[in-house]
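Me: Can you walk me through this structure a piece at a time? I'm new to reading these, so plain sentences would help.

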Protein chains: 2
Amino acid sequence: MSDESLLRQISTPRDLRGLSVDQLGDLAAEVRRAICDQVSQSGGHLAPNLGVVELTLALHRVFDFSRDRLLFDVGHQCYAHKLITGRLPLLSRLRQRDGMAGFPEPHESSYDLFSVGHAGTGISTAVGMARGDTLNDEGDRRVVALVGDSSIVNGVAMEGMNNAGTLNRQFLVILNDNGMSIGKPQGALAGYFDKIRISHAYTGLKGRAHEVLKHLPAGHWIEQIYHRLGEMTKAALDHSHFFEHFGLLCIGPVDGHDLDGLITMLEEIKDIDRPVLLHVKTVKGKGFDFCSDDPTTFHSPKPFKVSGCRVELSSGGRSFTTAYADALTDLMNRDEKVTAVTAGMPDGTGLSEVIPRFPERAFDVGIAEEHAVDMSAGMAKTGLKPFVTIYSTFMQRGIDQVFQEVALQGLPVRFCMDRAGLVGGDGAVHHGFMDIAAFRSMPGMALMAAIDEPTLRAALELMRMRNDGPSAVRYPRDNVPDAVQGERTPEFQLGKANLLAGGNDLAVLAYGFPANHALAARSELAREGISVAVYDARFAKPVDVELIRALTEARVPILTLEDHQTIGGFGSCVLEACNDERLPTESVYRLGLPDRWIYQGSRTEQEAEAGIDADGVVRQVRRILAERGSSAGRRLAASQTASAAPAATVRPLRVTRR
Amino acid sequence: MSDESLLRQISTPRDLRGLSVDQLGDLAAEVRRAICDQVSQSGGHLAPNLGVVELTLALHRVFDFSRDRLLFDVGHQCYAHKLITGRLPLLSRLRQRDGMAGFPEPHESSYDLFSVGHAGTGISTAVGMARGDTLNDEGDRRVVALVGDSSIVNGVAMEGMNNAGTLNRQFLVILNDNGMSIGKPQGALAGYFDKIRISHAYTGLKGRAHEVLKHLPAGHWIEQIYHRLGEMTKAALDHSHFFEHFGLLCIGPVDGHDLDGLITMLEEIKDIDRPVLLHVKTVKGKGFDFCSDDPTTFHSPKPFKVSGCRVELSSGGRSFTTAYADALTDLMNRDEKVTAVTAGMPDGTGLSEVIPRFPERAFDVGIAEEHAVDMSAGMAKTGLKPFVTIYSTFMQRGIDQVFQEVALQGLPVRFCMDRAGLVGGDGAVHHGFMDIAAFRSMPGMALMAAIDEPTLRAALELMRMRNDGPSAVRYPRDNVPDAVQGERTPEFQLGKANLLAGGNDLAVLAYGFPANHALAARSELAREGISVAVYDARFAKPVDVELIRALTEARVPILTLEDHQTIGGFGSCVLEACNDERLPTESVYRLGLPDRWIYQGSRTEQEAEAGIDADGVVRQVRRILAERGSSAGRRLAASQTASAAPAATVRPLRVTRR
């Protein structure tokens, strides 16, 4: 039987039951190759997926997840699970439109319970399902949560664990401990995990003696369970484990690549009627040396090519992330009060460039956004100038801390929100589309956006100088475009927009990156005789009221443009400003993200779907002018009657880097 | 020296230095009496403050917090601290306008570093200040965080602890363990704390032997510190403490009412150059039997009277909280799929009435809002109908979970937000003014508000029936007013407003409780010949577009009214709807909370300050009509010329219950 045929024969996890352990090993190898081949072509999460192949197969072999519950935490380790639950045919379109999502996705399969991409939530949803199944008289459905060693120390995960410890039923947490976060794991517990790894040599499960067991005090409740466990499991009971304080029976660490051992262990513990934590040691990137040797680079790589022992990553252009890292480095060189903070995303935020240069002033606190915000508030209170860099979507984790420890205190914490707007392949779980809405209700907040590298630098400089309150800047997961005004880019002045290109028929007031689309649209519309002004709005709070007044009084229609939810976003700020100033809004039109979810695809496709790309702006401007019956609109109507050809695509968008 | 004179002699903590330990004991008794006397008159946090009197005095005796840093967690235990840092004169106006805030308040004193009321953040801000002081070459400023046993298991606190463990400098966490949350403590760790309390009898610190010490392995790093500690401290080292896994040296538990012992202990450990956790056992409500016997009732009581051994709590009216508890009980009686969840606020949310009736279906997960949301999402996934009851302000802790685990999955979790709007004495840290802004950007969300008990019941019934997506209802910290329509209250229909009283000159579109003020204003305005319609808007998402269209087309000015931040609130929803429908907004006016902080005071005062009370509505309507020069406006202008008397207060507002 060839390797290939094995994976193709698995259409449901039930098909695993017919395979011997050796065959499962062959299947694991095949799954690994399939994942690696695909990620090398399309990019995607690699190392985390390679690390859990045996664990995934063992889980599906022992449990029946058509009925039992498997909850992924984060979810970027679900590829093997997807391949054996009927989604092999989707693999070739990994993270692409209508292809296989990179995270668990209930729309794809009932084997995926929650679409997740933010860390730490799996235990809590699992507790909820356990309670729910029990209340529904289906308490025989087993519940398993698969959590990584970096997510398990996230706040919500620890809250979940604390509550899980009160369950009186089967409940299994698998701690997938690869000693790696997305970057290097952070915090004191990471050191603790290191220690258990060393003190419990996990190799050769069967060779371990009763050394742990004999330390149990007589009458301990674990004893009762002990008698139900097999010899091997007993040896692995860990009475001094951190998580035991949460009321979980802790077992391990065990070897996460020993299929035979895993299956035996899971069989033994699957029906323990108390919460159990099984500590599994895995190797991130297992199976390919280039990947296990450098699991940070290959956590979620761009496409790459393996030739012999050389691995070549496809190069992108210059990303906003890189531009940010360089700008922040400059600030830190110039101003020793500037500090930098990231929450477990040193690579994704560019801070991996900054931390080695300023080890005293740059901090990765691990996946702990709430702590990152509050620690920064504390630093600001001492007169430092913290720049907290967190993806827009993960910033949602710290809203309450931004409210209480930052805004209410009036502290000048600077929030730098990478991945604002649409994020491409990561899809709905990672779009940054709510930050303006959540931040702008807080008194004293200054909100701005960058459209290119010079404006990013200018915004950061304003933020550095602003010591009387909090501020935030947003920028996308994209490459920096050609600078619109280059060195002529004016400084940021609080609440002032910036004219990028003049025009008479309509003004696009663009917030952030889509300003580039507006400029492209302007060129296209100019060919039709429509004269559009494009403003870089720069500020969502405070908005440029004077500009809005001037445009309104000059009876120039305004189109607001943004890559944020239209509800509660920048356009809404403009409407509110008009209303406060008693200016009419009939000539204000809003274009932004729709009130529905946008799934994985390229950023280009997603922007087109939302209608906020250059074509979308062109269409919208035409529609507005036609509706208004302006002279430009009348010219347009005439020209469209003359040539009914579909609108040409206006300007090729840059390829997203990651 | 009389007791009274002692407290009056303390104008700064430095004055404590001249007192003997016996005198400090007398001072403690005096502080207790002062607090209890005041709270009995004005209401406020009682039991938590009584529990930490000795601890506070000992801390201020040993540390110099004019330079050292004292960070409170939650902050409802800061009264003793305030009284000895110069704020005794403010006590008589506790929690009142321009009086002493009930939480730490930097505007009052530089001894208060952060105004806090949401739990779990003290360790993280302390870590930030420790890092900041060190970077500022002021590493000699000691840092102390005072945290309760319920807040320390909150997510952000555990994140903070994990990061604190990496500090290489002095850092002291005081775990104030009173074995009590606001209600009964929840979660497995609570049981663990119980266990250490029993296994380490903490009475008579000096009597304890070296039993802990002798278990330390040779060469353990604690040994190095050990030699710097005195005999007493050594005895209290706890090597198996939960928090030791976070890298903290754990000491205790020690008796938090033994002033002599506390001072000696703090002197010994104050300069340990590593993170230390001192576990202090206190009695919540210490000093008054009625209070320590029932610390839940006296956590934050209304005014009360002590006569002999009888304590009489002043009775309020019927609160929205009670109405909610009764309505939820009815739902749970009628529908066995309904479950109830609170996050550490069983009394404040009314769930303390519900949990004993439905112990299987009602859950208090402790101060863990993130977990509460995710657990509810898990329950919804199994087909249950969870109603999660969290104060609007604390809901901010779970925004990301509402986004990912609820809205993105389209799960019908029901959010019931008590304390929406202005909260009175608790002040700025507790107002619920951002929930609409944060929730409405999420696709599929239905947002509604209740104005009285029948509408609350109707909203909950719609939520119970809605199984295709998430929903939320908000209601204030107030008594239910006389029902506007009583039994004639129409059912809630998604996106439909409800006419409460007709009128021709202007329509108030009120969202939530302020509808009652609008009705009062309507009566007043009627006397001036102004005819105002009042609508209960009911829905912020989706808003009633048909009504808005009809009013706009009839050229009736619309005044939106809400007790939410005007920025991003209900009025903004109306503006967006108009804009989407291409309806003019010149006749739309918005009245809501201003873009600044509103501090403690009565709800009545706060509503007046914000201008959203009946008087405020009257003024606003007059202004609008005058500005518009309508016939009603012209009548008004004439009548005002005739009688320039100041506007009478329209309708006495009900007294807030708590």
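Me: Let's start with R596(B) and E609(B); what do their side chains meet in?

Reply: The side chains of R596(B) and E609(B) meet in a salt bridge, with 3.1 Å from N to O, and I should say at once that this is a predicted model. The two ends sit in different places along the chain, since R596(B) is in the loop between strand 19 (588-593) and helix 24 of chain B while E609(B) is in helix 24 itself, 13 residues apart.

Me: And is R596(B) buried, exposed or partly exposed? What about E609(B)?

Reply: R596(B) has a relative accessibility of 41% and so counts as partly exposed, and E609(B), at 30%, likewise counts as partly exposed.

Me: Helix 24 again: which residue does R603(B) pair with?

Reply: R603(B) meets D478(B) in a salt bridge between their side chains, at 2.8 Å from N to O. D478(B) lies in the loop between strand 13 and strand 14 (498-501) of chain B and R603(B) in helix 24 (residues 603-610), so the pair ties together parts that are 125 residues apart in sequence. Both D478(B) and R603(B) are buried.

Me: What does R440(B) meet in a salt bridge?

Reply: The side chain of R440(B) meets that of E576(B) in a salt bridge, at 3.0 Å from N to O. This pair links distant parts of the chain, with R440(B) in the loop between helix 19 (435-439) and strand 12 of chain B and E576(B) in helix 23 (residues 570-580), 136 residues apart. R440(B) is buried, because its relative accessible area is 2% and the cut-off for buried is under 20%. E576(B) is buried as well, with a relative accessible area of 4%.

Me: How many salt bridges are there over all chains?

Reply: A search of the whole structure finds 83 over all chains. Some of them form a network, in which R334(A), D335(A), K385(A), E461(A) and R464(A) are linked.

Me: Switching topic, how many residues of chain A are in contact with chain B?

Reply: On the chain A side there are 105 residues in contact with 105 residues of chain B. The area buried between chain A and chain B is about 8700 Å², and carbon and sulfur atoms give 58% of it. E159(A), H245(A) and W597(A) supply 8% of the area that chain A buries against chain B, which is more than any other three residues.

Me: How many salt bridges cross that interface?

Reply: The rule finds ten salt bridges across the interface of chain A and chain B. As an example of a pair with one residue in each chain, the side chains of K541(A) and D595(B) meet in a salt bridge at 3.1 Å, N to O.

Me: Now chain A by itself: how many helices and strands?

Reply: The secondary structure of chain A comes to 26 helices and 19 strands, and buried residues make up 68% of its 658 residues.

Me: Why is strand 8 of chain A largely enclosed?

Reply: Five of the five residues of strand 8 (residues 338-342) of chain A are buried, so the strand is largely enclosed by the rest of the structure. V338(A), A340(A) and T342(A) point one way from the strand while T339(A) and V341(A) point the other way, and all are buried.

Me: Which strands is it joined to?

Reply: Five bridges join strand 8 of chain A to strand 10 (residues 385-389), and these two run parallel. Three bridges join strand 8 to strand 9 (residues 362-364) of chain A, also running parallel. V341(A) stands opposite V388(A) in strand 10 and opposite F363(A) in strand 9.

Me: What order do the strands of the open sheet in chain B take?

Reply: Seven strands form this open sheet in the order 9-8-10-11-13-12-17, with mixed pairing. Strand 9 (362-364) and strand 17 (539-541) of chain B stand at the edges with a single partner strand each, so one side of each is left without a neighbour in the sheet. The twist averages 20° from one strand to the next. Within chain B, four bridges join strand 12 (residues 446-449) to strand 13 (residues 471-474), which run parallel, and M448(B) has V473(B) in strand 13 as its bridge partner.

Me: Last one: how many residues are in the largest nonpolar core?

Reply: The largest nonpolar core has 245 residues, and those with the most contacts inside it are I123(A), F439(A), I123(B), I152(B) and F439(B). Leaving aside neighbours within four places in sequence, I123(B) is in contact with residues including A145(B), V147(B), I152(B) and F171(B).

Terms used: Residues numbered from 1 in each chain as written. Chains lettered and ligands numbered in written order. Predicted model: local features only at pLDDT ≥ 70, side-chain atom pairs only at ≥ 80, totals over all residues. Heavy atoms only, no water. Core = buried A, V, L, I, M, F, W, Y, C linked by side-chain atoms within 4.5 Å. Buried < 20%, exposed > 50% of the residue type's maximum accessible area, 1.4 Å probe, protein only. Contact = heavy atoms within 4.5 Å. Pairing = 2+ DSSP bridges. Axes fitted to C-alpha atoms, helices over the stretch in contact; angles between N-to-C directions. Buried area = accessible area lost by both parts, 1.4 Å probe. Salt bridge = Lys/Arg side-chain N within 4 Å of Asp/Glu carboxyl O.
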